[in-house]
Amino acid sequence: MSRTALRICPLCEATCGLVLTVDDGHVTGARGDRDDVFSKGFICPKGAAFGAVDSDPDRLRTPLVRVDGELREATWEEAFDAVAAGIRPVVERYGPDSVGVVLGNPNVHTVAGALYPPLLLAGLGTRSLFTASTVDQMPKHVSSGLLFGDANAIPVPDLDRTDHLLLIGANPLESNGSLCTAPDFPGRLRALKARGGTLTVVDPRRTRTARLADRHVALRPGTDALLLAAMAHVLFDEGLVDPGDLAAHLKGLDELPAALDGFTPEAAAGACDVDAAVIRTLARELAAAPTAAVYGRIGSCTVPHGTLASWLVDVLNILTGNLDRPGGALFPQAATGRAPRPAGPGRGFALGRWHSRVRRHPEAKGELPLAALAEEIDTATAEGEPIRAVVAVAANPVLSAPDGDRLDKALASLDFMVSVDPYLNETSRHAHVVLPPPPPAQSPHHDFAFNALAVRNQVRYTRPAVPPEPGRMAETEILARLVLAASGGHGTDPAAVDALVIDRTLGKAVRDPHSPVHSRDPKALAALLTGENGPERRLDMMLRLGPYGDGFGADPDGLTLRELLAHPHGIDLGPLRPRLPQPLRTRSGKVELLPEPIAADLPRLRAALDERPGGLVLVGRRHLRSNNSWMHNVPVLTGGSNRCTLHLHPEDAERLGVRDGEPVRVKGAGGEVTAPAEVTDAVRRGVVSLPHGWGHDRPGTRMRHAAADPGVNVNQLLDGSLLDPLSGNAVLNGFPVEVAPLTAR
């Protein structure tokens, strides 16, 4: 019998609402939900392929446990017995930091991934945390932490009201947006142009987004921060700085001109390969626009000066008065976020509270660089024990981190590894225990992370579209049991994990004089929570305590889980609103424009003014029909433009003797790969491009379609030594490579 069910798409950051067609317990179709308050019917190819992703026959259906060197199917009880027996002895013998926790990108797309990893880290007591953030957006977290005192206080462009949008290192027509949750990002950009606004794109490639732009600036890869610094210099030099009402919330504005001294357009032009006149025009247009927003993404983060580039994005928004302003860049307010509190000084943000063992990389936001994971496993030092066990949750660092070959060998040497993953992939194949979560149709969905980055305040929740298959375990229960097994509580009822969180959260809330439940009885409050299970009760608690919540009855019109369930297409909470100074957590209580770590790193950027790298440099790219390494096993999402080819400019191809379609050898500091050439003027001269997330050719995986067209791992060209020093983010763009026809010697 056929029926329909609602589901929020978890396959990228756009979080579009879907209407699924379900036949006999299987998803057979997906279309956009026209009544969804946020996405209004938009859907991309990934969402349309939801059923194929959900029903992939290579998804694991039962746990796997390694016996005599081979992974064999096991019961859930056997699997968690093995986890407890594998992790606890390592912790007890070598200490908690000898267990590394690796969190992949899919964690932020699930309810379980949002609720349980912090408990896992606390239960283990480890500081050895590595996530996908340090091969992606960590520079933005660090710059936001230094500017605003909160690494998660990330302003997003007000796409629907801005008059002028400057994108740098972003290609939202392919990515659907990132650190800027916006269903139908392409439609929003077209609407910007239709209302007379201006779109400027800065990117070394003529992407689909760049082709839509009014102005495309093809700068030299890796020079994003120099371009932005030169624009800021113009604003000061030409008297165009006008922070407006922001001025009362700023600290360090008077020191900025001296800090940016020397970053003139003429000085930056050679390094950026952008005419000084163009740089001046970009700055003047930004200052002259009625409203404007600068938005930088992964292309400006995964470069040697990623944190400085991220900082300068917000500096430009501030200098032009566009931070915290409708039509500019504003701070979203998620329904599960903290309720507004009185403004004032906070604890601030600190870097380097501890360091990695081998190369002494400073932590950032509690994380160590993913690029350092291999050396933390395979290198002995006098500074403590190496990592001997790994807990990987939805992570495939063999493909996402630099030098996957080294990490591949390091993972094989571990005393113990457990992987929570639906596939036996390039990383999970090394695990001693694999715990497979159910397909997305069998899981609930709420966007804890992405609603804090959304271009419109709203809240949505969908329960599982289909009931779990026999033998499946909910991902929330998998992670709750993993928390218990890793922390010495194996055998305890997993519901106790959620009950403990609720007890502690409400206990803290009633002691907080600014909380809506101050001085009330936490047990009485807990009795008011609704929901079918612990995770739903936790969601209800967060909604009630949040900025739109009912305060457990204090506001009868406030938000609760029951109210949210009564609105299956979501609840619109209105456009983004100015919020300063409330989001600030700096020690001064102001936006700290020139924090000491930033000032200390500026001489390194100044030295880059004189750099003129010769030869070819490589940049990554992504495809609309994939998300990192997730979806190459789904036939409907592969082929066409979603191919692993090396883009290079016709003039470079002619000089190198490379012909379109023929294999070429690409060599970097970490190794070499061979890929088909795709000659195109979509890349500027001197630049080549390979997509990331490929390289599905290692033995022992169970991803048949991906293995049939494996592509190559672009990150194997890196040896892990290139990092942005402030954030520990890997440099994945703008690094030198050698390219030659495969037949050349």
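These are my notebook entries on a handful of local features that I looked up in a predicted model.

**Cysteines**

I began with the cysteines and asked how many disulfides the model holds; the count comes to 0. Why does C9 have no bonded partner? The closest cysteine sulfur to that of C9 belongs to C12 and is 6.1 Å away, which is too far for a bond, because a disulfide needs two sulfur atoms within 2.5 Å. I then turned to C180, where the closest cysteine sulfur is again in C12, here at 12 Å, and so too far for a bond. For accessibility I noted that C9 is buried at a relative accessible area of 8%, and that C180 is buried as well, with 0%.

**D403**

Next I looked up D403, which I found in the loop between α17 (397-400) and α18 (404-412). Which side chain of opposite charge is nearest to D403? It is R406, at 5.4 Å, and D403 has no salt bridge although it is buried; the distance to R406 is beyond the 4 Å within which a salt bridge would be counted. What I did find for the side chain of D403 is a polar contact at 2.9 Å with the side chain of Q716. Leaving aside residues up to four places away in sequence, I listed G670, N715, Q716, L718 and D719 as the residues that D403 touches.

**Strand β23 and its partners**

I followed β23 (residues 663-668) to β24 (residues 671-679) and found the two strands antiparallel, joined by 6 bridges. They form a hairpin with 2 residues between them, and within this pairing V664 of the model stands opposite A675 in β24. I also traced β23 to β28 (residues 735-741), where the pairing is antiparallel over 4 bridges, and there I noted K667 opposite E738 in β28.

**R472**

I placed R472 in the loop between β18 (456-459) and α19 (475-487). Is R472 buried or exposed? It counts as buried, since its relative accessibility is 12% and the limit for buried is under 20%. I checked where the side chain of R472 leads, and it reaches the backbone oxygen of L60 at 2.9 Å. My contact list for R472, without residues up to four places away in sequence, includes L60, R61 and W76, and also P437, P438, P439 and Q442.

**G41**

G41 lies in the loop between β3 (26-32) and α1 (45-48). Setting aside residues up to four places away in sequence, I recorded contacts of G41 with G32, D33 and R34. I also looked up the separation of G41 from A329, which is 288 residues away along the chain, and the C-alpha atoms of the two are 25 Å apart.

**Backbone geometry**

I closed with the backbone angles, and noted that the peptide bond from L580 to P581 is cis, with omega near 10 degrees; P581 sits in the loop between β19 (571-575) and β20 (591-592). Which sign does phi take at D24? It is positive, near 50 degrees, in a residue other than glycine. D24 lies in the loop between β2 (17-23) and β3 and counts as exposed at 63% relative accessibility. For D184 I also noted a positive phi, near 55 degrees, in a residue other than glycine. D184 is found in the loop between α7 (172-175) and α8 (185-194), and with a relative accessible area of 26% it is partly exposed.

Terms used. Residues are numbered from 1 along each chain as its sequence is written. This is a predicted model: local features need pLDDT of at least 70, side-chain atom pairs count only at pLDDT 80 or more; totals for chains, interfaces and linings use all residues. Side-chain values use heavy atoms; hydrogens and water are left out. Buried means under 20% relative accessible area, exposed over 50%, partly exposed in between (1.4 Å probe, protein chains only). Lys and Arg count as positive and Asp and Glu as negative; His and the chain ends are not counted. A polar contact is a pair of N or O atoms within 3.5 Å; within protein, one must be able to donate a hydrogen and the other to accept it, and residues adjacent in sequence count only if both atoms are side-chain atoms. Contact means heavy atoms within 4.5 Å. Two strands pair if DSSP finds at least two bridges between them.
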